[in-house]
Amino acid sequence: MPTSSVALDGAAIDGGLYTDVTDIARDTHWLNEPVAVFTDYGMGLFAVFLLFAWWRARREESTVMAAVLSIPFAVVLAYVFNSGIKNFFEEPRPCRALPHAYLVEACPPVDDYAFPSNHTTVAFAFTAAFFLIDKRLGAVALLVAAVMGTSRVYVGAHYPHDVAVGAVVGTIAALIIAVLGRRLLTPLVERLRGGALRPLLAA
């Protein structure tokens, strides 16, 4: 398959900042394992936040429950959109462009592109959608999302710009889809709350 004519040279954008961060990882071996575990499994925290939001929404108006139910759609579509951007720009992973940089995480396959970061996109998609429901929950999610994005550079998987753009893509996509989803799903939630699914949708 021919390579993209618009393939990004990530190292030329912020390769120096990337190696600054991976040098920190090299000098903090004691932190490598905790960050590696978090970057692999930390996304599960957003599933916990989603369950919490659903449980609370059972006592709220139908618009709130509709907003919660729209979150999975917002996140999945943000991920799909981000993957399309990845395949268009085909930015090689920094571990290939800067092979001497310190890595905590193994270098992905050649066709697993770097720009933008899927982990960060998903984390910020969740976060943006949570802010539409509860600002305090959104603030907690934002902290976790920021740590997730930082961890992707720390382990050597992404350049900083991969993370920054992933955060923007996830936020914008999720806000648009979540707002539309809330409007479309509210009438359905109101109907279902009067039927057999009431225990799942209302307290």
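Colleague: In this predicted model, which residue follows α4, with a positive phi near 50 degrees?

Modeller: The model is a predicted one. Directly after helix α4 comes a residue whose phi is positive, near 50 degrees. That residue is E90.

Colleague: How many residues does α4 have, and what is its reach from first C-alpha to last?

Modeller: Helix α4 covers residues 62-89, which makes 28 residues. At 1.5 Å a residue, a span of 40 Å is expected. The reach in the model is close to that value, at 41 Å.

Colleague: Where does α4 bend, and which proline follows within four residues?

Modeller: The axis of α4 changes direction by about 30 degrees at S70. A proline follows within four residues of that point, and it is P72.

Colleague: Is P72 buried, partly exposed or exposed?

Modeller: P72 belongs to helix α4. Its C-alpha atom is separated by 8.3 Å from that of F126, although the two are 54 residues apart along the chain. A residue must fall under 20% relative accessible area to count as buried and over 50% to count as exposed. The relative accessible area of P72 is 36%, so P72 is partly exposed.

Colleague: Which helix supplies the largest share of the largest nonpolar core?

Modeller: The largest nonpolar core has 33 residues, and those that touch the most other members are F46, F49, L50, I71, V75, F126 and F130. At least two residues of this core come from each of α3, α4, α6, α7 and α8. The largest share is eight residues, and the helix that supplies it is α6.

Colleague: Which residues does F126 touch, leaving aside those up to four places away in sequence?

Modeller: F126 is among the residues of the largest core that touch the most other members. Leaving aside residues up to four places away in sequence, its contacts are F46, L50, I71 and V75.

Colleague: Are α6 and α7 roughly parallel or roughly antiparallel?

Modeller: The axes of α6 and α7 lie 8 Å apart, and the helices pack at an angle of about 170 degrees. The contact includes A123, T127 and F130 of α6 together with G138, A141 and A145 of α7. Angles over 145 degrees count as roughly antiparallel. The pair α6 and α7 is therefore roughly antiparallel.

Colleague: Is T127 buried or exposed?

Modeller: T127 is part of helix α6. Not counting residues up to four places away in sequence, T127 touches F46, G138, A141, L142 and A145. Its relative accessibility is 2%, so T127 is buried.

Colleague: Which helices are included in what covers the buried residues of α7?

Modeller: Helix α7 has 20 residues and reaches 28 Å from its first C-alpha to its last. Its buried residues include L137, V144, M148 and Y154. Among what covers the buried residues of α7 are α1, α2, α3, α6 and α8.

Colleague: Is A101 buried or exposed?

Modeller: A101 is located in the loop between α5 and α6. Not counting residues up to four places away in sequence, A101 touches Y18, T19 and T22. With a relative accessible area of 15%, A101 is buried.

Colleague: What separation do the C-alpha atoms of A101 and Y18 have?

Modeller: Along the chain, A101 and Y18 are 83 residues apart. Y18 is nevertheless one of the residues that A101 touches. The separation of their C-alpha atoms is 8.7 Å.

Definitions and conventions
Residues numbered from 1 in each chain as written. Predicted model: local features only at pLDDT ≥ 70, side-chain atom pairs only at ≥ 80, totals over all residues. Heavy atoms only, no water. Expected span 1.5 Å × (residues − 1). Bend = angle between axes of the 7 residues up to and from the residue. Core = buried A, V, L, I, M, F, W, Y, C linked by side-chain atoms within 4.5 Å. Buried < 20%, exposed > 50% of the residue type's maximum accessible area, 1.4 Å probe, protein only. Contact = heavy atoms within 4.5 Å. Axes fitted to C-alpha atoms, helices over the stretch in contact; angles between N-to-C directions. Parallel < 35°, antiparallel > 145°, perpendicular 65-115°, else oblique.
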